[in-house]
Amino acid sequence: MAPESSSKKRKAITRDSPEADEVALSDGSADEFGEALHNGFESHRDEENDEEDADDSEDELEDGSDEEALIASDEELNSDEVPSEDEKGIFNGSLEQDGASESENEETFGRPTRQYEVVKDANGNDRYVYNEVDTGYASDDSDAPVTTNTVGNIDVEKFYGAYPHIGYDINGKKIARPAKGEALDALLDSIDIPKGWTGLTDPATGKPLEISQEELEVLRRIQMNEVPEEGYDPYPATIEYFTRKTEQMPLSAAPEPKRRFVPSKHETKRVMKIVRAIREGRIMPYKPPSEEDEEDTSVKRYDIWANEAPRPDHPMNIPAPKLPPPGYEESYHPPPEYLPDQNEKRAWEDADDEDKDKDFLPTNHESLRKVPGYERFVKEKFERCLDLYLAPRVRRSKLNIDPESLLPKLPSPEDLRPFPTTTATIFRGHEGRVRSLAVSPSGTWLVSGGDDGTVQIWELVTGRQIWSAKLSKDEAVNVVRWRPGTDATVLSAAAGEHLYLIAPPISDPETEAHSRTIIDAGFGYAATKTSNGSSATTTKPTKDPPTPWTRPTPRLLEAGVLATFPLLRTIKSLSWHRRGDYLATVSPAAQSRAVAIHTLSKHLTQHPFRRLRGTGGLPQSAHFHPTKPIFFVATQRTIRSYDLAKQELLQIIQPGSRWIAGFDVHPAAGNNLIVGGYDRRLLWHDLELSTRPYKTLRYHNKAIRAVRFHRASGQVPLFVDASDDGTVQVFHGKVVDDAMENASIVPLKVLRGHGVRDGLGVLDVDWHPREPWCVSAGADGTCRLWM
Amino acid sequence: MAGNAASPEDKPASQVRISLSTKQPDVSLAQNPGPILVNTNFRRYALSTLVNTLREAEKPTPFEFLINGTFLRTSLEEYLNATGISAETLLAVEYVKAIIPPLYVASYEHDDWVSSIDVISASSAESNSTSATPITPGQERILSGSYDGLLRMWNMSSQVLATSPSSSGGGHTAPVKAVKVADPSLVVSSSLDRTIRVWRYTEDSAEYSASLQPKIELYGHKASIDSLAVHRPSNRILSASADHSVGLWSTRKSDAPQAPPSLIPSLSSQGAKRRKVGPATSTPQRGALALMKSHNAPVSDTMFAPNDSTVAYSTSWDHTLKTWDLTSSTCVDTRSTSHPLFSLTALSSLNLLAAGTSARHITLIDPRASATTVSAMTLRGHMNAVVSLATDPQSSYGLVSASHDGTCRVWDVRSSRSDKEGRVGDSTYVIERESTKGQARKAAGEGTKVFGVCWDADVGIVSAGEDKRVQINQGKGIVGDQKAQ
């Protein structure tokens, strides 16, 4: 049955075979043959129908499979025997049996059911001539040239010119020579040129070669360098297989969607196993409580606040620490004024836990339903338990005093008026720094001395320069001081190593004469001592003192400088005794002669300290006590007070400053000192309290250059310091007679205005003798009056 | 009423009833109009127009309006809102002639700082009634004293008519600190050289040349004489000196005693010998009638009492204002303030003295014995010591002050407000120095300090200062002309 089945199969597949072939085979006529050939040629050309054909063949295949099943059932029905002689009969019978189905096929396809013909061969035997088998995939091998004539590439006319056929087709059939028309036909043909006429003869078939419209089109496209296939779009619309959006990361971090999850059956099984085990009690989900955890009934526990009833306040009764009642801001929907804004929120979040004033952030929720879980719940309850657990059982009375409240209240600067606040006058005229300045005891003149070697006298309020004298060409005037007392106007100035005594011509003739007498008295004293008789003014310097007082140059004498006195080294400090007869100078570099006390009336100079031994550096400045015969000498680190009457050391004051710049003695209460240091400290000493400073004031950024009490400190309790940072600072410093009360010191005002030159700011300050006005000398070449 | 007709009635602005009155008889209304209903959006200008309409004067005068002692600076409505006064009440409004903004007129340049200033004009001569020839307008003279020791007499076209002789010719040997005109032919000056000099001023008829001849030198003070006051009818001079004394002097040689010989430079000290002593001048040297010492600090300013030439006032750095009886040369009263006083002037009709202080303000002091408080009022605004004061010649409430901050300020004592420190006034106008116009103001008025100021009815406000100039500011008629258009 195998051939049968194969035949059936073949039948099923070859439905496609053109009827023309069949006809051609049956007829065998040349015409039919040629037509079949033509058809085959055509079918080869019909490439545009390929798709259609493919569809058809699919349908047919499906039908075929039906047929297969049918045949299979036939197989089961029929025995598996070898076909006998009456095989045909059986075959026929089966054919007849299958007639219905075949007729069905016939109906479906409209094609002859027989695939073969029975012809008689030469021996008279039946010979089955099978129909053409159409492979069904003819369209597939479109690449291979369809050779209808199998004789090969030979000269047909040469070899077959004598025969009525021109070759053989694939089945071995003769391909008849196409009939050649008569001349008339050719003429007619030439007149009525069919479509696709080329005038050529296909050598393979001998027929006129005609080219169809489609082929012409193909040829044209080839000629035009186009793609031959019709309808081919070289520029199809781009299909975006990927998004044109540029992704930051090539890989997506999107979580795996749930729809991709495939529940594991294995895991389900294992879970179910555990569930079953738990249900049956084979597994205990929690540990059974151990013995330790069990309640120890031997320890009795008390809740001391279990039955708490409100009781009156009593030391033995300690009520439970209460939680504060919740406020508005603890509401889940607080009023908007309780809600923090962005800044508050950020501040709260940035703050440390200890610094937060409340341990939650008021948050607004639309409804109670939307309030999330409270994450601090456990912590809060724990803290509450701690509160209760650690609540004190004993009431302890604690001193609850703010240490600040124990300090005495400093009065406001407003209440301490008047004090200098603004610049009233600027004195310009010095070239270079102004080193020192002083207001005259009358309060109307200001004297200043500077790097340009001049001493200048100014009208204090208007700032008008009245008098000027150049003491030295190349040395700076380091100190200028007025002699105390209003009976005479005597000015002392130190330029370099020289001390000058000046009676400036600014006062009335009487006073001026008196001033001159005061200065010149010493000449007279010296004269009477040595060469008696000669007049005071013409006395030559005596030999007796090692460093004599002399008259200056006539130019200076004309200006009013009456006496000069050379010391060994540069004089840095100058201080008058209140009576105006003694003058102390300090020239730090002069070793044992650093400190000198001059007696004006006798023109006598003493060096009271043979050696300043172990006194903490070079001497810096010296002052007389305002009321008692006490003399203060400041060295770099200490201040010593000496009793002038008994000639002994009284006290060593240790301000703790590394380098004392200057100091001043309180004019009313001589037991108070202010000390300014180059280490930026201003120190107040109360000598009755200690040798250590009573108060340290650090307000300056740079070294302090000078400090000064107001001369009338009884009425105007002010003092001032000058610093290299260009500021002058005014302080209130009131000293009371009551020994129980300490001095009150209040910083009042920073006076700014002086410029800083080469790191130097304000070099000296002084007060007006009565008014709360101070004057300052600046390294910027100006003096300023502050009112 | 005319005022109502002028006011815009179309606006539904609220109205207030006011009653107009004045204390100045020359601008009073012919008949009392009674209460007038005015819009509350009226400002000073509208009210001024209203008053001028009511006065029916041919030339309108600018007025200021005082309500409850303060000047109206806003609209009536804002004033009522600010003070909380109901618009229903009758508002008593006093109108006064406005102080016209003093505009810059001219500057007279000097060689040195100008310390003081005085004016000879018809109105200033009126007060010193001895002058024989009345001064016609345009013949005003300005006398300035400078730090170069010279006095200069200027005419109104900024020409120096006369300069005092230098120190060698009998002039001051030190900066002049104060000048005063006694009458058009007599000038007094004081100086840092501790002298007061009386000068005879003569002018030829052609007005092209004039001369200042020393008449008397007065010796007695031992320090700079910072201020002078002259009473021509009694020929008395008052001086304030830094030697803590107030001097009383006579302008006549015959009245004055001999000068103390010790104070005359050429006779006294040895030092003076070396100084250049001028040729023996024939100027008579006289002493003081009295030197009154009671102050214990430099005396800054002095003046005769406005109505009584036997009473003098003086201010000092010792914070006090003293009243002196000149007949007995004793101090009769002392008023202590809390600051050094630098200058003094009198508001005679108010019985007040204005004193400029070092603490940058002006204190009004009632010198009468009955006064209970020392300081009646404080005028604040200056930024440095107030060193000179002058009163408005046309108003008994006006005042001009000169300060070291480089400005002059014009005040009206009626314009005041209450503060925690009592009544405080603010300046009406500020006169800057023309020399530094447009520049940034320097600290402490450096270079522009004003040392002296004088207010004359004809010339205007004349001020002198550190910028070596005399500056004239005048407000007369400028605004009035604009209003008339």
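**Exercise 1. Find the residue of β10(B) that stands opposite Met153(B).**

Solution. Met153(B) stands opposite Ala162(B) in β10(B). Strands here are DSSP runs of E with at least two residues, helices are runs of H or I with at least four, and both are numbered from the N terminus. Next, place the two strands. β9 of chain B covers residues 151-154. It runs antiparallel to β10(B), and three bridges join them. Two strands count as paired if DSSP finds at least two bridges between them.

Before going on, note the ground rules. The model is predicted, with local features needing pLDDT of at least 70, side-chain atom pairs counting only at pLDDT 80 or more, and totals for chains, interfaces and linings using all residues; side-chain values use heavy atoms, leaving out hydrogens and water. Residues are numbered from 1 along each chain as its sequence is written, while chains are lettered from A and ligands numbered from 1 in the order in which they are written.

**Exercise 2. Place β10(B) in its sheet and name the edge strands.**

Solution. Start with the order. The open sheet has four strands, β7-β8-β9-β10 of chain B, with antiparallel pairing. Now look at the ends. β7 (114-120) and β10 (160-163) of chain B are the edge strands, and each pairs on one side only. Last, the twist: it averages 20 degrees from one strand to the next. Such angles compare N-to-C directions on a scale from 0 to 180 degrees, using lines fitted to C-alpha atoms, for helices over the stretch in contact.

**Exercise 3. Describe the four-stranded sheet β12-β13-β14-β15 of chain A, and say why its edge strands each have a free side.**

Solution. The sheet is open and its pairing is antiparallel. β12 (477-482) and β15 (561-566) of chain A stand at the edges. Each has a single partner strand, so one side of each lacks a neighbour in the sheet. Neighbouring strands are turned by 20 degrees against each other on average, direction ignored. Then zoom in on one pair. β12(A) meets β13 (residues 491-495) of chain A in the antiparallel sense over five bridges. Within that pair, Val479(A) has Ala494(A) as its bridge partner in β13(A).

**Exercise 4. Decide whether β21 of chain A is enclosed or open, then list its neighbours.**

Solution. Step one: burial. Six of the six residues of β21 (residues 630-635) of chain A are buried, so the strand is largely enclosed by the rest of the structure. Buried means under 20% relative accessible area, exposed means over 50%, and partly exposed lies in between (1.4 Å probe, protein chains only).

Step two: directions. Ile630(A), Phe632(A) and Ala634(A) point one way from β21(A). Phe631(A), Val633(A) and Thr635(A) point the other way, and all are buried.

Step three: partners. β20 (residues 619-624) of chain A is joined to β21(A) by five bridges, and the two run antiparallel. Phe624(A) has Phe631(A) as its bridge partner. A hairpin through five residues links β20(A) and β21(A). β22 (residues 639-643) of chain A also pairs with β21(A), antiparallel, over five bridges. Here Phe632(A) stands opposite Ser641(A). The hairpin of β21(A) and β22(A) has three residues between the strands.

**Exercise 5. Locate the residue with a positive phi in the hairpin of β5(A) and β6(A).**

Solution. First find the strands. β5 (residues 197-201) and β6 (residues 208-210) of chain A pair in the antiparallel sense over three bridges. Thr201(A) has Pro208(A) as its bridge partner. Six residues lie between the strands. Gly206(A) takes the positive phi, near 80 degrees.

**Exercise 6. Name the residues of the nonpolar surface patch that includes Leu184(A).**

Solution. The patch consists of Leu184(A), Leu187(A), Leu188(A) and Ile191(A), with about 420 Å² of accessible area together. Leu184(A) lies in helix α8 (residues 183-191) of chain A. Its relative accessibility is 54%, so Leu184(A) counts as exposed. Patch members have over 30% relative accessible area and no salt bridge; like charges are joined within 9 Å, nonpolar side chains (Val, Leu, Ile, Met, Phe, Trp, Tyr) within 5 Å. A salt bridge puts a Lys or Arg side-chain nitrogen within 4 Å of an Asp or Glu carboxyl oxygen. Areas use the Shrake-Rupley method with a 1.4 Å probe; for residues, only the protein chains shown count as cover.

**Exercise 7. Set out the helices, strands and burial of each chain.**

Solution. Chain A has 15 helices and 34 strands. Of its 787 residues, 36% are buried. Chain A exposes about 49,600 Å², with 52% from carbon and sulfur atoms. Chain B has six helices and 34 strands. Of its 485 residues, 56% count as buried. Chain B exposes about 19,700 Å², with 49% from carbon and sulfur atoms.
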